[in-house]
Every structure is written in C-alpha cells, then in structure tokens.
There are 2 protein chains.
Amino acid sequence: MSTRADPVLPADDAARALARSLWQGAKTAALAFTDPATGAPMIARVGFGLAADGTGLTLVSDLAQHTRALRAEPRAALLLGEPGPKGDPLNSPRLSVAVTARFAVPEDRATLRASWLARHPKAKLYVDFADFHFVRFDVTEAFLNGGFGRAYRIAAEDLHG
Amino acid sequence: MSTRADPVLPADDAARALARSLWQGAKTAALAFTDPATGAPMIARVGFGLAADGTGLTLVSDLAQHTRALRAEPRAALLLGEPGPKGDPLNSPRLSVAVTARFAVPEDRATLRASWLARHPKAKLYVDFADFHFVRFDVTEAFLNGGFGRAYRIAAEDLHG
C-alpha cells in the first residue's frame, strides 16, 4: 500500500525533447472525438503528419465517422507514440494532446498535400479523391507519459519549437 | 475524383474472427474519455486484458487523469490493435469500441487480479497499491477497420463469443 503525490511534473529539457520527437515523428495517431449522435467519446486511428509550420495534420475522408464528428465538435485529442515489440508497453513513451480540429481551406491544399506526401508517399493513391480533406490540429495542452512516475505537462510551443 | 457509398459493412465470419482476435489479444489500448473540467475528449494509453467471462478490463491508478474522468463520465472508447513495423499503418487492422466503464467491486478483486497477472505479469509490481483499481468495460458497439474499404460493424456478443 502506498500514498503518492500527483505525478504530473513540469517539463524539463529531456521531456520537451522526447515530446517533440513523438510529435515530429509520428505517422499515425489515435484520435479521440465526440460522437455527435450520443455525446459519448469515440476513437479511431488516423494518419498524422505536420504542416510546414509544425502544426499537426491529418487527412480524412467524408465517409469516416470521425470526419463528420469533427465538423460537429472540433475539440478532440491525439495519442502519439506506439509501444515497441519488447518490454512493458506502459513504460513506452507516448504523448496525449488536447487539440481543436480546423478543416483546411482550399488555398492551403497544394502546400499541405506536398507536406503530407513527403511523409506518407502511399497516400498518393487517394489524396486527390473528392471526399478527402486536410485537417489541422491546434494544440490546447499536452501530457508526455514517459513511463511509470514520469508524466510531464508540455506546452504547445514546446511541440512546435 | 470519386463518389463512394457508406463503407461500413455488416460483419461476416472473417471480420468477426479478426475483431475477436484483437479483443482477446490486446495488452494495451488507447482510451478516449471526456475531460470533466472542459467536456472535451481526452486520450491515454492504458493496459488491457479480459476478465474470465470475456469482459474487457483495465487496471488504473487514482493518480491518473482518466481514472478521475471515468468516475465522472463512464462512457468511453477503446482502440485496440497496433500497426506493425512494415506497410501502410492505415491498412493494419484495428478495433474501435464504444464502452461504459464500471469500477469493479472489492469482492471481484481477487479473481480479476489473477486474470490480469496472467496476461500482465510485470503488473505484480504495482497491482496491490491502494490507488489501483480494476475497471470493466461493457461494450455498446464496435467497428472493425481492416484497412481501406474494409470497415465492419461488430456486435458486442461477437467479441465475447
């Protein structure tokens, strides 16, 4: 039996560097969103990348439940960082990010398309389908979990730096 | 450019078997929950296992944001199935499950502890800490995404069968 304090620590340089590497390196994310029919949380895996300015980005189809949901309620959250094949997966670092989704305007499409295809070359098979849209994620707050007892609050500017 | 129909198909035997293998084999899950302070979605990685009756199960600490959140709003969602190291990760199968969280009663603890440790032997380091609790997940509905154009609606009883 134990009693322990709130484990969320202020970020240090190592935590910021790890958070940034997860943000900058992820190719997919788990996306938490709100089901507009029920108000309950729902979840899906989406592709993840960055716009040229470091903003988080995804590419979604109108046919997906999460696309309709983000249009109704743009507040969402992303989980970045996959556990490796060995060791305790709960000791594997991951980043939880509260975000607001913002559908890209048509004038941005060519630039975002180039950024996306640089990270996701196989997306050229569907990126130009009429029902696919780029969505930017504006960061509200983030938490890095580096393993047991190593949770840190990360500021939005620390992800983009 | 293309127009395409709603891609969610009724489950067939292969889809049900794949969904069940993800449900029965996962050791971790991404958990979508509602932040009680803001009403916005939030997300975390949690351990995942099954009770002896096939119900989904996690083990969470009172120190975690998601534990406090599930006490306030038990509706949540789980994403099971990790992308492999090769190929397009969006072609890797995953299961999105809308659930209601139910904190286990003390009389259930010994049985759940045995089920949990069989799948998560390293959890013996913390399973008996006073702030850790077992939570069952009652399934509302589930969606299997087996890759592009292969999305299926899965019934709760098909996960437990």
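I started with how the two copies relate: chain B goes onto chain A by a rotation of 180° with 0.0 Å of shift along the axis, RMSD 0.0 Å (least-squares fit on C-alpha atoms of residues with pLDDT of at least 70 in both). That is how a two-fold axis relates copies. In chain B, the C-alpha nearest the axis belongs to B:Ala32, at 2.6 Å.

Note on provenance: this is a predicted model, where local features need pLDDT of at least 70 and side-chain atom pairs pLDDT 80 or more, while totals for chains, interfaces and linings use all residues. Residues count from 1 along each chain as its sequence is written, and chains are lettered from A and ligands numbered from 1 in the order written.

Next I looked up the fold of chain A. I found four helices and nine strands, in the order β-α-β-β-β-β-α-β-β-α-β-β-α from the N terminus (DSSP runs: helices H or I, at least four residues; strands E, at least two; numbered from the N terminus).

Then burial. In chain A, 39% of the 161 residues are buried, meaning 20 or more other C-beta atoms, placed from the backbone, within 10 Å of a residue's own.

Which residues of α2 in chain A are buried? I got A:His66, A:Thr67, A:Ala69 and A:Leu70, in a helix covering residues 65-72. They fall within an arc of 165° down the axis of α2(A), so they line one face (the arc uses directions from the helix axis to the C-beta atoms). Their cover includes β2 (28-34), β3 (41-47) and β8 (132-145) of chain A, among others, with contact meaning C-beta atoms, placed from the backbone, within 7 Å.

Methods:
Buried ≥ 20, exposed ≤ 12 C-beta atoms within 10 Å, placed from the backbone. Contact = placed C-beta atoms within 7 Å.
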